[in-house]
Amino acid sequence: LRGLLVFYYLATYVVSCRLAHQLGIGYGSKVILVIALVAYAPPGSMAGSHYNIVSILFFLICFSALIAWVQAEGSSYKNGSRNVLILAGCSAGLCFTAKYNIGVYAFVALLAALLMHLRGDIIRRRGLQVMALVTGAFILPVIGMLLLIGFSGGIEKFIEYTVQNKALYMQ
């Protein structure tokens, strides 16, 4: 399990560096990023809650894919934009499977960013296609997770944990 956690941690670093590059952040800021990752989320601190680092990784992949799509929309490059949208939606869905509240945040943020970017196209066919593609990509991993939970007989406990306990927590 530790090896897997280290892999997720390193993947988080790689995706974070990709985001920094996509956003045009310089080398000095990347060094600060590494220091922040080590200081605020060292690999040893993830031993008890591996789902946190997995959800963060997929959240960052979702964000990176969104940025790649926005940058591709600004150029004449259109071939891979559908694949990038699928990656963004699936990453939000996988984030949900790791930690559902962070996954919901990722999905809502993704939809909000797409709505803002497509504000003129949303009532046209293209905007609806983009939103449907991302929503479908999000739903696929979530359905897979729910099927696994259902086949194992844990759907009642899942609903109790995710819905009923949150209602009690909020009171």
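**Panel A. Contacts across the whole protein chain.** Of the contacts (heavy atoms within 4.5 Å) between residues at least 6 apart in sequence, 69% join residues at least 24 apart. This is a predicted model, where local features need pLDDT of at least 70, side-chain atom pairs count only at pLDDT 80 or more, and totals for chains, interfaces and linings use all residues. Residues are numbered from 1 along each chain as its sequence is written, and side-chain values use heavy atoms, with hydrogens and water left out. The protein chain has seven helices and zero strands, where helices (H or I, at least four residues) and strands (E, at least two) are DSSP runs, numbered from the N terminus. Walking along the sequence, you get α-α-α-α-α-α-α. Of the 171 residues in the protein chain, 37% are buried; buried means under 20% relative accessible area, exposed means over 50% and partly exposed is in between (1.4 Å probe, protein chains only).

**Panel B. Helix α4 on its own, residues 81-98.** With 18 residues at 1.5 Å each, α4 should span 26 Å, and its end C-alpha atoms are indeed 26 Å apart, so the two agree. The expected span here is 1.5 Å times one less than the number of residues in the helix. The buried residues of α4 are Ser81, Leu85, Ala88, Gly89, Ser91, Ala92, Gly93, Cys95, Phe96 and Ala98. An α-helix has 3.6 residues a turn, so residues three or four places apart point the same way.

**Panel C. Helix α4 against helix α5, residues 100-117.** The axes of these two helices come within 5 Å and cross at roughly 155°. Axes are lines fitted to C-alpha atoms, for helices over the stretch in contact, and angles run from 0 to 180 degrees between N-to-C directions. That angle makes α4 roughly antiparallel to α5; angles under 35 degrees count as roughly parallel, over 145 as roughly antiparallel, 65 to 115 as roughly perpendicular and the rest as oblique. The crossing of α4 and α5 is left-handed, meaning that the near helix is turned anticlockwise from the far one by less than a right angle (clockwise would be right-handed). From α4, the residues to pick out are Leu85, Ala88, Gly89, Ala92, Cys95, Phe96 and Ala98, and they meet Tyr100, Ile102, Gly103, Val104, Ala106, Phe107, Leu110 and Leu114 in α5. Sorted by class, this contact has 13 nonpolar, two polar and no charged residues. For the classes, Ala, Val, Leu, Ile, Met, Phe, Trp, Tyr, Cys and Pro count as nonpolar, Asp, Glu, Lys and Arg as charged, and the others, Gly among them, as polar.

**Panel D. Helix α4 against helix α6, residues 125-151.** Here the axes are 7 Å apart and the helices pack at an angle of about 35°. α4 passes α6 in a right-handed crossing. On the α4 side, the contact is made by Arg82, Leu85, Ile86, Gly89, Cys90, Ala92, Gly93, Leu94, Phe96 and Thr97; on the α6 side, by Val130, Leu133, Val134, Ala137, Phe138, Pro141, Val142 and Met145. The contact of α4 with α6 counts 14 nonpolar, three polar and one charged residues.

**Panel E. Helices α5 and α6 side by side.** Their axes come within 11 Å and cross at roughly 170°, so α5 and α6 are roughly antiparallel to each other. Gly103, Phe107, Leu110, Leu111, Leu114 and Leu115 of α5 meet Val130, Met131, Val134, Thr135 and Phe138 of α6. The class count is nine nonpolar, two polar and no charged.

**Panel F. Two residues of α4, Ser91 and Arg82.** Ser91 is buried, with just 3% relative accessible area. Leaving out neighbours within four places in sequence, Ser91 touches Phe58, Ile61 and Cys62. Arg82, on the other hand, is exposed at 57% relative accessible area. Arg82 and Trp69 sit 13 residues apart along the chain, and their C-alpha atoms are separated by 8.4 Å.

**Panel G. Two residues of α1 (residues 2-22), Ser16 and Tyr13.** Ser16 counts as buried, at 9% relative accessibility. Neighbours within four places aside, Ser16 is in contact with Leu33, Leu37 and Leu60. Tyr13 is partly exposed at 31% relative accessible area. Not counting residues up to four places away, Tyr13 touches Val34 and Leu37. From Tyr13 to Lys30 is 17 residues in sequence and 9.9 Å in space, C-alpha to C-alpha.
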